[in-house]
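Please open the structure in your viewer and keep the sequence panel beside it, since this tour moves from one selection to the next. At each stop, select the residues named and then read what is there.

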Amino acid sequence: MIIKKLQNIKKYFLDLLFPISCIGCGKADVWLCEKCLNNIPVNQKFFFPQAGDFFNSFSNSKTSSCELDGILIASSYENILLNKSIKIFKYNFAFDLSRPLGKILINFLRQFDLSEKDDFLIVPIPLHKKRFSWRGFNQSELLAEEIGTFFKIKTAAGILKRIKNTKPQTKLKRKERQKNVKNIFSISFSLPQETLYKKIILIDDVTTTGSTLREAAKILKKAGFKNVWGLVLAKG
Ligand SMILES: [Zn+2]
């Protein structure tokens, strides 16, 4: 309660010092107003790579491989407003942007049948603790919480742990990216058997080559999960 009050006071002064305005149109007091948010396009059932299908892969989980089943891409990095918003979200400590950005993921997921809520488990890509303390929040975890709350699907942020602090992927070439993320995750606790039958939706803000999501899927599949999909806002 006291912490919440202190956070509100801190927010009050921060807003006073650095007044926020819509990244798109400049409207006061919001990071992304409703109108600008609605101008960011949401993809129609878009996956990468094209192999596999979200529904089929989810229905015949017994035939799944040891790889990531696919990546769902909600929108496009070519949209300047989205591109800018993601960068401000991550690098300007604008954690409030998790709400509108989460909405983009929600609107994308609404095209799919997620009515069997117990079949799914949302897992955010974790940050290394060093980067977490620098940023103060994990952007993927905040997005995961938005989705989990909306669809009433369980979010399990504790399953994956990032054990290596790696260089940012954006500064590396494709081959180096794969090497950079090798063995960076561990499963942080022993999982109850029934969890393994759930379909995992891994959440990250963006993907470039998919290396990080693939590495996370590899360890989850090794642990016994049959179905692992990635979901991102955009492919950079
Ligand atoms: Zn606006």
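Helices here are DSSP runs of H or I with at least four residues, and they are numbered from the N terminus. Bear in mind throughout that what you have on screen is a predicted model.

**First stop: helix α1**

Select residues 2–17, which make up helix α1, and pick out L6 within this helix. Is L6 buried or exposed? L6 has a relative accessibility of 53%, and because the cut-off for exposed is over 50%, L6 counts as exposed. Now add I2, I9, Y12, F13 and L16 to the selection, and you will have, together with L6, a nonpolar surface patch of about 680 Å².

**Second stop: the aromatic rings**

How many aromatic pairs does a search of the whole structure find? The search finds five. One of them is formed by F95 and F137, whose rings meet edge-to-face, with 6.0 Å from centre to centre and 65° between the planes. F95 sits in the loop between α4 (80–91) and α5 (98–109), while F137 sits in the loop between α6 (129–135) and α7 (139–151), so this pair ties together parts that are 42 residues apart in sequence. The two residues can also be compared by their accessibility: F95 is partly exposed, with a relative accessible area of 45%, whereas F137 is buried, with a relative accessible area of 8%. Select F89 as well, and you will see the cluster into which ring pairs link F89, F95 and F137.

**Third stop: backbone angles in two loops**

Most residues other than glycine have a negative phi. With that in mind, select F93, which is found in the loop between α4 and α5, and notice that its phi is positive, near 55°, although F93 is not a glycine. F93 is partly exposed, its relative accessible area being 40%. Next go to K152, in the loop between α7 and β4 (160–162), where phi is again positive for a residue other than glycine, with a value near 55°. K152 is exposed, with a relative accessible area of 63%.

**Fourth stop: from α5 to a distant part of the sequence**

Select N107, which lies in helix α5 and counts as partly exposed at 32% relative accessibility. Then add I147, and draw a line between the C-alpha atoms of N107 and I147: these atoms are separated by 9.7 Å, although the residues are 40 residues apart along the chain.

**Fifth stop: strand β5**

Move on to S186 in strand β5, which covers residues 185–187. S186 counts as buried, at 18% relative accessibility. Which residues is S186 in contact with, leaving aside its neighbours within four places in sequence? Select I159, L160, K161, I163 and I219 to see these contacts of S186.

**Last stop: helix α9**

Finally, select helix α9, residues 211–222, whose 12 residues reach 17 Å from the first C-alpha to the last, close to the 16 Å expected at 1.5 Å a residue. Within α9, colour the buried residues, which are S211, T212, L213, E215, A216, A217, L220 and K221. To end the tour, step past the helix to G224, which follows α9 and has a positive phi, near 120°.

Definitions and conventions. Residues numbered from 1 in each chain as written. Predicted model: local features only at pLDDT ≥ 70, side-chain atom pairs only at ≥ 80, totals over all residues. Heavy atoms only, no water. Helix = DSSP H or I, 4+ residues; strand = E, 2+ residues; numbered from the N terminus. Expected span 1.5 Å × (residues − 1). Buried < 20%, exposed > 50% of the residue type's maximum accessible area, 1.4 Å probe, protein only. Phe/Tyr/Trp six-rings, centres within 6.5 Å; stacked < 30°, edge-to-face > 60°. Patch = residues over 30% accessible without salt bridge, like charges linked within 9 Å, V, L, I, M, F, W, Y side chains within 5 Å. Areas by Shrake-Rupley, 256 points an atom, 1.4 Å probe, with all protein chains shown as cover. Salt bridge = Lys/Arg side-chain N within 4 Å of Asp/Glu carboxyl O. Contact = heavy atoms within 4.5 Å.
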